[in-house]
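Welcome, and thanks for taking a look at this chain with us. Please scroll through the sequence and turn the structure around before reading on.

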Amino acid sequence: MSSNSDDVGRQRPPVANIPGWESDSGVPRPWTQHLQKAPHRARLRAPTPPLQAVSATGLEDFKPCGPEALKLRMSGLGKLRVAVIGAGAAGLCAARHILARPDLFAPPVVYELTKYVGGTWVYEDRVGHYDNGLPIHSSMYRDLRTNIPKEVMSFPDFPFAKHLPSFVHHTEVRKYLEKYCDHFRLWDYIQFGTMVDAVNPVKEKGRWKGLAWDVTTSDGVDRSLSVKERFDAVMVCNGHFYDPYIPAIPGLEKFKGMLIHSHDYRSAEPFKGKSVVLLGAGLSGLDIAMELSSVNAKVILSHGQQPLTCPLPPGVEQAPPVAKVLDDGTLEFEDRKQAMPEVFLFCTGYNFTFPFLDKQVGVQVKDHLVFPLYKFLMPPAYPSLFIVGICRAICPFPHFHIQSQFIISVLEGSFPLPSREEMEKDIELDIAARRARGIATRHILKLDSEQWAYNDHLAQLGGFEPLPRYWSNLYESNKVFRARDMLNYKTHNYAVLSETDWMVQNLQGQPLPKPQLKHM
């Protein structure tokens, strides 16, 4: 269903000025350590209910509340108002879990710049800017299929349709998120065509932790028509796949060919037969290299990882990182070899950006690390601000599901927050432990296989159900299949057999042996 459909019972925003409307401590394993140290918090509260437990108003019946919520009730403050910034997957997940707790929360207000839900999963053929001058945030390319099987890519309480293959086209993910909105009745709470211009903390007695937030919004074009609202908490879900990161390469301005970041890549045809140096061998870099190979482009895959050992697509070769650009526009690699391609394509990731956050909040971004954030979520000095989904190399939707429930447990009081000093110490020890294991600052947010211990850690602290046990094993096994055969792993189809078991078949329907995984 379309996000601007008339049958969802919400008032649509005006057409003008909405983007897209014109064109229709040295501890080796920190999370594991915390799990072992917190047995007294291992109790479980009931998981947030599915729609079957929701009333005709879309809200769950009254539930017993935690001590923080009880304290608010007794003080006569009423329900907490939460602003959610962004209606991508993280923002929708946040809204779903807030709506499921009408005993604690007023309905959320979800601010979305565009006219769509789905965030990065909304494909936009154009690049650059919309007609109204606002930037196009979409980094989706036309032929993208997921690199995570749908069996573990979904939110745990809302699976993808069974008839779909395990690796779906991006249009199916967008439909899935729209169906998620239908199922959990989220549409009425989304303010489309709304830019968040400022988020400012306000000290206010009687509010949660004595703190409130003023959120100033506009249509993004005429700031004189801004609106300010006050909230008890803010969940920042603005994503981090829209501000391209271009590494500082000496002499880059001397390159004479086409310079492009994957943010502006849409399809392979414009590069047919061209010579391309593609910098970066992350998942997008590998995927785009395969697309370029299909149109007979000659691709040099330049990266600083261990050389890939799996078969590469025709016309693709590997090289070390680009060290500099010479005066005549030639690219020189770290091994001193040179190339003069027609296209220099950056698949180098994105910057974190929170332009609306008041500087006094103290959230900083340096060398791809957002800090200081307790549990990678909240600044200790302002613990009713939550920045959701900044961790990298993760299985995103279930990660948002876990983080959102943990945030509920914080606001509810079922997880009593440590003092500011204790939270700051926790951050310091965690980062020190990662650095002691050789993790560079720029990779601290790259959880990878450690995401499962992190997820379990939050679930244990918050007292809610962790992910089913098969989740991590299936996800990690797919990584092994991908590393072995990047050309064909997306032809595999998975099936979940139980809470602990799963199977995988090849394109011919034959079962494949599961890879032996290292202990996570």
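Helices (H or I, at least four residues) and strands (E, at least two) are DSSP runs, numbered from the N terminus. This is a predicted model, where local features need pLDDT of at least 70, side-chain atom pairs count only at pLDDT 80 or more, and totals for chains, interfaces and linings use all residues. Residues are numbered from 1 along each chain as its sequence is written, and side-chain values use heavy atoms, with hydrogens and water left out.

**The chain as a whole**

The chain holds ten helices and 20 strands. Of its 520 residues, 55% are buried; that word means under 20% relative accessible area, while exposed means over 50% and partly exposed lies in between (1.4 Å probe, protein chains only).

**Helix 7**

Let us start with helix 7, residues 396-412. Its end C-alpha atoms are 24 Å apart, in agreement with the 24 Å expected for 17 residues at 1.5 Å a residue; the expected span is 1.5 Å times one less than the number of residues. Because 17 of its 17 residues are buried, helix 7 is largely enclosed by the rest of the structure. Gly413 follows helix 7 and has a positive phi, near 95°.

**Backbone points to check**

Most residues other than glycine have a negative phi, and most peptide bonds are trans. Two residues that are not glycine have a positive phi here, Arg336 and Asp448.

| Residue | Phi | Loop between | Relative accessibility |
|---|---|---|---|
| Arg336 | about 80° | strand 13 (331-333) and strand 14 (338-339) | 66%, exposed |
| Asp448 | about 55° | helix 8 (420-436) and helix 9 (451-462) | 29%, partly exposed |

The peptide bond from Phe371 to Pro372 is cis, with omega near -5°. You will find Pro372 in the loop between strand 17 (369-371) and strand 18 (385-387).

**The second largest pocket**

A pocket is an open set of points on a 1 Å grid over the protein atoms alone, where a 1.4 Å probe fits, with protein on both sides within 12 Å along at least five of seven lines; lining residues have an atom within 4 Å of a point. The second largest pocket has a volume of about 540 Å³, that is, the space filled by probe spheres set on the points. It is lined by 22 residues, and those closest to its centre are Ser154, Pro156, Pro159, Tyr470 and Trp471. Helix 7 returns here: along with helix 4 (150-153), helix 10 (470-484) and strand 19 (493-496), it gives two or more residues to the lining.
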